[in-house]
Amino acid sequence: MSEAPRRFYDLQMSSPSTSKNDATDQNFDYMFKLLIIGNSAVGKTSFLFRYADDSFTSAFVSTVGIDFKVKTVQRNNKRVKLQIWDTAGQERYRTITTAYYRGAMGFILMYDITNEDSFNAVQDWATQIKTYSWDSAQVMLVANKADMENERVVSTERGEELARQLGFDFFETSAKENLNVSASFDRLVDVICDKMAESLEESAQAASTGTQNLHDVGQSENKPPCSC
C-alpha cells in the first residue's frame, strides 16, 4: 500500500471526543480531523458551533489556544466522524495551533468580508498549511459574515479570484444566518472522501501492476535461451 492511503487509515482512529453522543459512538466508517483557521474574530468559533450544535451567539470570546467538537455525518453511504478543531487566530498562539496541522485531512480557511486585514492574511495562512500539513490535505476558503453586507469591504469576486489562485473551493457563509455552513463542511468531506478513494484505487492498481511484472519476470526466467 502506498503512503497516502496508509496515512488515511492511520488518521481514522485518532484522538478523543467532546460530544457525549459522538464520543461513545463507535459506529462509523471513517474519522477525519479538520481544522478551522484564520485571523482572530473572523467567526471561527461561531461557525463551528453553528455546524456542530446549530447554535449561535453574537458575544465574542477569543479562543485560547485550541478547542474541538465532534460531529458524525452520513456521506456517500458512509458514516464519517468529524473531529473539528477550532484554532486561535492570535499570533501568540501560532506555535501551538500549527502543531495541530499535522495529520489534518482538511482545513476551513476563513476570513471576514468586513475585515480587509483578515482577507490579506489568507495567503499567509495558506503558506502555513503547505508548510505544516501533509500534501493531500484539502482546503475550503470561507468568507464569513455574509449577513453584514452593509459593512462589506471584500467583494465576492475578490474572494473567488483568490480561491482560484490558491486552488481552493470557495464559499461565502454566515454563521449567524446559517448560510452555507453545512454546505462548506459537506463539500470538504466529499473532497476528502474522493481523494481517499483515488489514493486507494491508485494503490490497488500499483499492487496489481507489481504482481503482473513479477509474473512476467518469472515467465521470462523460465524461457530457454534464445537460439538466434
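Okay, let's start with a word we'll need: a helix here is a DSSP run of H or I with at least four residues, numbered from the N terminus. With that in hand, let's meet a residue: Ser46 lies in helix α3. One thing before we go on: what you see above is a predicted model.

So who does Ser46 touch? If we leave aside its neighbours within four places in sequence, Ser46 is in contact with Ser55, Phe56, Thr57 and Ala175. Look at the numbering there. Ser46 and Ser174 sit 128 residues apart in sequence, and yet their C-alpha atoms are 9.4 Å apart in space.

Let's zoom out to the whole chain. How many helices and strands does it have? There are eight helices and six strands. If you walk along from the N terminus, you pass them in the order α-α-β-α-β-β-α-β-α-α-β-α-β-α. Now take the contacts with a separation of 6 or more: 74% of them are between residues 24 or more positions apart. Of the 228 residues, 46% are buried. The accessible surface comes to about 12,200 Å², and carbon and sulfur atoms account for 47% of that.

Next up, charges. Side chains of opposite charge can pair when their charged atoms come close. In this model the count comes to ten salt bridges. I'll walk you through a few.

Start with Asp54 and Arg50. They form a salt bridge whose closest N and O atoms are 3.0 Å apart. Is each partner buried or exposed? Asp54 has a relative accessible area of 52%, and the cut-off for exposed is over 50%, so Asp54 is exposed. Arg50 comes out at 14%, and buried means under 20%, so Arg50 is buried.

Now for Lys69 and Asp53. Their salt bridge has its closest N and O atoms 2.9 Å apart. Lys69 lies in strand β2, residues 66–75, while Asp53 lies in helix α3, residues 44–53, so the pair ties together parts that are 16 residues apart in sequence. And yes, that's the helix of our friend Ser46. Lys69 has 19% relative accessibility, so with the buried cut-off at under 20%, Lys69 counts as buried. Asp53, at 39%, is partly exposed.

What about Arg158 and Glu116? Their side chains meet in a salt bridge at 2.6 Å, N to O. This pair links distant parts of the chain: Arg158 is in helix α7 (residues 156–166) and Glu116 is in helix α5 (residues 116–120), 42 residues apart. Arg158 has a relative accessible area of 33%, which makes it partly exposed. Glu116 counts as partly exposed too, with 29% relative accessibility. Salt bridges can also share partners, and that joins Arg75, Asp186 and Asp190 into one network.

Last stop: the surface. Which residues gather in a patch of negative charge there? They are Asp194, Glu198, Glu201 and Glu202. Pick out Asp194 on the model; you'll find it in helix α8, which covers residues 181–222. Why can Asp194 belong to a patch? A patch residue needs over 30% relative accessible area and no salt bridge; Asp194 has 40%, so it clears the area cut-off, and it counts as partly exposed.

That's my tour, so have a go at finding Ser46 in helix α3 yourself.

Note on methods: Residues are numbered from 1 along each chain as its sequence is written. This is a predicted model: local features need pLDDT of at least 70, side-chain atom pairs count only at pLDDT 80 or more; totals for chains, interfaces and linings use all residues. Side-chain values use heavy atoms; hydrogens and water are left out. Helices (H or I, at least four residues) and strands (E, at least two) are DSSP runs, numbered from the N terminus. Buried means under 20% relative accessible area, exposed over 50%, partly exposed in between (1.4 Å probe, protein chains only). Contact means heavy atoms within 4.5 Å. Accessible areas come from the Shrake-Rupley method with a 1.4 Å probe; for residues, only the protein chains shown count as cover. Patches are made of residues with over 30% relative accessible area and no salt bridge: like charges are joined within 9 Å, nonpolar side chains (Val, Leu, Ile, Met, Phe, Trp, Tyr) within 5 Å. A salt bridge is a side-chain nitrogen of Lys or Arg within 4 Å of a carboxyl oxygen of Asp or Glu. Lys and Arg count as positive and Asp and Glu as negative; His and the chain ends are not counted. The place of a charge is taken as NZ of Lys, CZ of Arg, CG of Asp or CD of Glu.
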